[in-house]
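User: I would like to go through this model step by step, starting with the overall fold and ending with a single residue. Please reason briefly before giving each result.

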Amino acid sequence: MSLGVITEMGYLAMRTRDYDESLELATDVLGLRMTLNDDKRAYLSAADRHHELVYVKGEEDGIDHVGLVADSPEGLEIIRKRLEAAGFPILTRSPLEREIGEGFAVLGPEGYVYHVYVGMKDHRHGPSSFGPDRYGHINIHPQNPTAMKDFLVEFFGFKVSDVIGQDFAYFLRCNPDHHGIALIKGRGSLHHHAWQTQSIADLGRLGDRLFATGRRLIWGPVRHGAGHNIAAYYVEPNGTVVELYTDLEQIHEVDRPPIEWSQDDRTWFNRWGVYNGEDFRMHGAFPIALN
């Protein structure tokens with residue numbers, strides 16, 4: 001079930017100075033499979049598709065672009081024309097990445113580039129000994145979360161699942177997943193990208209694999225109130241956080257009213273403890289203009 005022209009979160013593309021270490025963590029610790037690596041750009045995935053994560057070797061760390069899947073070529077045109085009429089710059093009318101049929105890229109609020117596309121090639125990985133099922137969502141800390149929420153709702157058709165406080169945080173969905181994009185007021189960075197797994201036991205195994213490499217989880221397992229998911233987090237070399245989660249709320253009512261939380265009610269963030277996450281929120285990477 002989709003809610004609008006955008007049917008699902010597609011992938012995230014990031015730049016990193018620590019290219020080899022980023023790939024090592026993504027494959028050996030998180031458990032993604034690599035579909036292509038030309039030593040400048042690496043494509044990784046958990047599901048049976050060509051990519052859900054792209055690492056770009058660069059001289060600075062940052063967010064390259066966010067990929068969103070449209071329902072059809074006709075849907076692409078609907079969104080592109082809507083964005084053009086509103087004055088948002090269309091950066092390219094061609095796909096930004098390999099193995100994609102059609103697409104365009106637009107510059108949205110606070111410097112984030114969205115690549116809207118259809119027709120990504122399937123890639124059959126075969127059985128895996130560990131790793132997530134699929135890419136799930138991103139968490140952005142915009143300086144103006146309400147403006148970014150309005151952009152995603154008006155032009156891409158996202159629905160608001162939960163609201164935290166006044167102009168503080170919004171959880172947005174484009175299908176039954178409680179959120180594909182979460183917005184929490186902050187410095188303008190993309191805080192984390194998140195991957196779905198089947199069991200809370202997988203979160204413990206992630207911690208074990210991190211420990212074996214001399215690293216640690218920075219938080220979790222924890223149960224969130226908004227979204228209901230159980231999650232664990234670690235930091236990757238470019239400064240963004242990786243989340244592995246399970247038990248995310250599914251919303252099958254298209255017009256379900258948003259759940260509203262007081263900003264002071266910290267159970268939206270942490271139902272199992274009193275940690276308020278201020279140091280946790282200092283991680284992240286900022287968008288970088290496309291070359």
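User: How many helices and strands are there in the chain, and what radius of gyration does the chain have?

Analyst: In this predicted model, the chain contains four helices and 17 strands. For 291 residues the globule rule gives 19 Å, and the chain comes close to that value, so it is as compact as a globular protein of that length, with a radius of gyration of 18 Å.

User: Which helix gives the most to the largest nonpolar core?

Analyst: The largest nonpolar core has 57 residues, and those with the most contacts inside it are Tyr 114, Leu 152, Phe 156 and Phe 158. Tyr 114 touches, among others, Val 66, Phe 104, Ile 140, Leu 152 and Phe 156. Another core, of 19 residues, including Val 241 and Phe 280, lies apart from it. The helix that gives the most to the largest core, with six residues, is H1 (residues 19-30).

User: Glu 243 is buried yet has no salt bridge; which side chain of opposite charge is nearest, and how far away is it?

Analyst: Glu 243 is found in strand S16 (residues 241-246), and among the residues touching Glu 243 are His 192, His 193, Trp 195 and Tyr 233. Its side chain makes polar contacts with the side chains of His 137 (3.1 Å) and Asn 229 (3.0 Å). A salt bridge would need a side-chain nitrogen of Lys or Arg within 4 Å of a carboxyl oxygen, whereas the nearest side chain of opposite charge to Glu 243 is Arg 223, at 10 Å.

Definitions and conventions: Residues are numbered from 1 along each chain as its sequence is written. This is a predicted model: local features need pLDDT of at least 70, side-chain atom pairs count only at pLDDT 80 or more; totals for chains, interfaces and linings use all residues. Side-chain values use heavy atoms; hydrogens and water are left out. A nonpolar core is a set of buried Ala, Val, Leu, Ile, Met, Phe, Trp, Tyr and Cys residues joined through side-chain atoms within 4.5 Å. Buried means under 20% relative accessible area, exposed over 50%, partly exposed in between (1.4 Å probe, protein chains only). Helices (H or I, at least four residues) and strands (E, at least two) are DSSP runs, numbered from the N terminus. Contact means heavy atoms within 4.5 Å. Lys and Arg count as positive and Asp and Glu as negative; His and the chain ends are not counted. A polar contact is a pair of N or O atoms within 3.5 Å; within protein, one must be able to donate a hydrogen and the other to accept it, and residues adjacent in sequence count only if both atoms are side-chain atoms. The radius of gyration is taken over C-alpha atoms; the globule rule is 2.2 Å times the number of residues to the power 0.38. Lists of a residue's contacts leave out its neighbours within four places in sequence.
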